[in-house]
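This report covers the interior spaces, the nonpolar core, one helix and several single residues of a protein model. The sequence and structure come first, and the text follows from them.

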Amino acid sequence: MEGTRKANVHSVLIRKATAGDAEGVSNCLRSAFEPFRGAYTPEAFADSTPTTSMMARRLEEMCLFVAVDEAGEIVGTVGYKLIDAGEAHLRGMAVLPAHQGSGIAQRLLEAVESEVGLRRCRRISLDTTRPLRRAASFYEKNGYRPSGRVSDFFGMPLYEYTKDLMKAATVGRTF
């Protein structure tokens, strides 16, 4: 979106996604990941940028949040899935390129962490790839640490990061 101005992070609404958001979420993921297409295998890129119908299925399996600007456009997204009673897995964090660096990713991450915390999850995990160095740095600044687990993501290394939510909740607390 050439010429699109960065949304004021405070004017962006963070809310849970609905089935009607599938196309907007799909478009957001595709736009955010497009600069990395050449660094991904075709299969990994396709999985990271699901079609609208694939996204509709993902919405049935996961809880997704969207960041919506004043014009009603989805400018960011993130999802999570409960693994078990104590752990959630974050997936599909994306912010449109024109809005990156505006604080939207931070608000999306906080929305997920708040919700999974209310569900009494003790741990949250996510996976990222080597081309997404900026994302890995963002996660590390937010308390995520490499677990050492590396798996195969359609022919690419997939690095797991985790965060102990209970430990993070007590940081800075005085008794």
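Which element supplies the largest share of the lining of the largest cavity? That share, three residues, comes from β3. Helices and strands are DSSP runs (H or I of at least four residues for helices, E of at least two for strands), numbered from the N terminus.

The model is predicted, so local features need pLDDT of at least 70 and side-chain atom pairs count only at pLDDT 80 or more, while totals for chains, interfaces and linings use all residues. Residues are numbered from 1 along each chain as its sequence is written, and side-chain values use heavy atoms, with hydrogens and water left out.

## Cavity and pocket

Both kinds of space are found on a 1 Å grid over the protein atoms alone: a cavity is a set of points where a 1.4 Å probe fits but cannot get out, and a pocket is an open set with protein on both sides within 12 Å along at least five of seven lines. Lining residues have an atom within 4 Å of a point. Grid points are joined across faces, edges and corners, and a volume is the space filled by probe spheres set on the points.

One cavity of 30 Å³ or more turns up in a search of the whole structure. The largest cavity has a volume of about 40 Å³. Its lining includes Val25, Leu29, Met55, Arg58, Thr77, Val78 and Gly79. At least two lining residues come from each of α1, α3, β3 (74–84) and β4.

The largest pocket holds about 800 Å³ of space. Two or more residues of its lining are given by each of α1, α2, β4, α4, β5 and α5 (133–141). The lining has 35 residues, and those nearest the pocket centre are Met93, Ala94, Leu132, Ala135 and Tyr139. β4 gives the largest share of this lining, seven residues.

## Helix α3 and the nonpolar core

Relative accessible area sorts residues into buried (under 20%), exposed (over 50%) and partly exposed (in between), using a 1.4 Å probe and protein chains only. In α3 (residues 52–61), Met55, Arg58 and Leu59 are buried. They lie on the same side of α3, because they cover an arc of only 105° around the axis; the arc is that of the directions from the helix axis to the C-beta atoms. Glu60 and Glu61, on the other side of α3, are exposed. The cover over the buried residues includes α1 (22–33), α2 (42–48), β2 (63–68) and β4 (87–95).

In soluble globular proteins, nonpolar side chains tend to be buried together. A nonpolar core is here a set of buried Ala, Val, Leu, Ile, Met, Phe, Trp, Tyr and Cys residues joined through side-chain atoms within 4.5 Å. The largest such core has 51 residues, and Phe65, Leu90, Met93 and Leu108 have the most contacts inside it. α4 supplies the largest share of this core, seven residues. Contact means heavy atoms within 4.5 Å. Leaving out residues up to four places away in sequence, Leu108 touches residues including Ile14, Phe65, Val78 and Met93.

## Single residues

Four residues outside the preceding account are set out by location and accessibility.

| Residue | Location | Relative accessibility |
|---|---|---|
| Ala17 | loop between β1 (13–16) and α1 | 17%, buried |
| Arg120 | loop between α4 (104–118) and β5 (123–129) | 68%, exposed |
| Phe154 | loop between β6 (145–153) and β7 (156–164) | 42%, partly exposed |
| Leu165 | helix α6 (residues 165–170) | 10%, buried |

Arg120 has a positive phi, near 65°, though the residue is not glycine. Phe154, also not glycine, has a positive phi near 50°.

Ala17 and Cys63 are 46 residues apart in sequence, yet 7.5 Å apart in space, C-alpha to C-alpha. Beyond its neighbours within four places in sequence, Ala17 is in contact with Leu59, Leu64, Phe65 and Val66. Leu165 and Gly117 are 48 residues apart in sequence and 7.1 Å apart in space, C-alpha to C-alpha. With residues up to four places away in sequence not counted, Leu165 touches Glu113, Val116, Cys121, Arg122, Arg123 and Ile124.

## Cysteines

How many disulfides are there? A disulfide is a pair of cysteine sulfur atoms within 2.5 Å, and the count by this rule is zero. The closest cysteine sulfur to that of Cys28 is in Cys63, 16 Å away and therefore too far for a bond. For Cys63 the closest is in Cys121, at 11 Å, also too far for a bond. Cys28 is buried at 1% relative accessibility, and Cys63 is buried at 16%.
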